[in-house]
Amino acid sequence: QVQLVESGGGLVQPGGSLRLSCAASGSIFSINAMGWYRQAPGKERELVAGITSGGSTNYADSVKGRFTISRDNAKNTVYLQMNSLKPEDTAVYYCYAKKYSDTAALLYYWGQGTQVTVSS
């Protein structure tokens with residue numbers, strides 16, 4: 001099992017910044033990617049950004065150039081720096097970790113979610 005604990009959400013004005021953190025613990029060996037999804041009211045959960053164990057990153061088109069994902073391997077923590085926030089970024093943000101089981105099944109683990117609200 002992998003446990004994920006998120007922090008850093010809150011209320012921010014349009015154009016502002018927030019940094020989310022996600023700390024992993026437990027069976028973190030062989031985690032091959034971590035990142036963030038988000039879900040706004042009435043919408044499906046969507047991938048925001050991901051980072052592999054090798055450091056490769058990917059982003060949703062809607063956040064490219066504004067959000068940056070990074071990881072601190074020594075702390076088993078992933079960060080999402082969010083700049084130039086817009087009201088449409090308002091959502092619950094979920095951290096995820098992805099790894100393969102002993103039988104090669106792909107497993108996803110999720111954090112509890114943290115609310116990000118962008119409003120004046």
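The disulfide between C22 and C95 is left-handed, because the torsion about its S-S bond is about -80°. This is a predicted model. The two sulfur atoms lie 2.0 Å apart, which is within the 2.5 Å cut-off that defines a disulfide. A search of the whole structure finds one such bond.

The pair links distant parts of the chain. C22 belongs to strand 3, while C95 belongs to strand 9, and 73 residues separate them. Are these cysteines buried or exposed? Both C22 and C95 are buried.

Now to the sheet around strand 3. Strand 3 is one member of an open sheet of four strands. The order is 1-3-8-7, and the pairing is antiparallel. Strands 1 and 7 stand at the edges with a single partner strand each, so one side of each has no neighbour in the sheet. Neighbouring strands are turned by 15° against each other on average, direction ignored. Strands of a sheet pair through backbone hydrogen bonds.

Strand 1 and strand 3 run antiparallel, joined by six bridges. Which residue of strand 3 stands opposite E6? That residue is C22, a partner in the disulfide with C95.

The residue ranges of four strands are listed here.

| Strand | Residues |
|---|---|
| Strand 1 | 2–7 |
| Strand 3 | 18–26 |
| Strand 7 | 67–72 |
| Strand 9 | 91–100 |

C22 thus ties the two topics together: C22 faces E6 across the strands, and C22 is bonded to C95 in the disulfide.

Key:
Residues are numbered from 1 along each chain as its sequence is written. This is a predicted model: local features need pLDDT of at least 70, side-chain atom pairs count only at pLDDT 80 or more; totals for chains, interfaces and linings use all residues. Side-chain values use heavy atoms; hydrogens and water are left out. Two strands pair if DSSP finds at least two bridges between them. Axes are lines fitted to C-alpha atoms, for helices over the stretch in contact, and angles run from 0 to 180 degrees between N-to-C directions. Buried means under 20% relative accessible area, exposed over 50%, partly exposed in between (1.4 Å probe, protein chains only).
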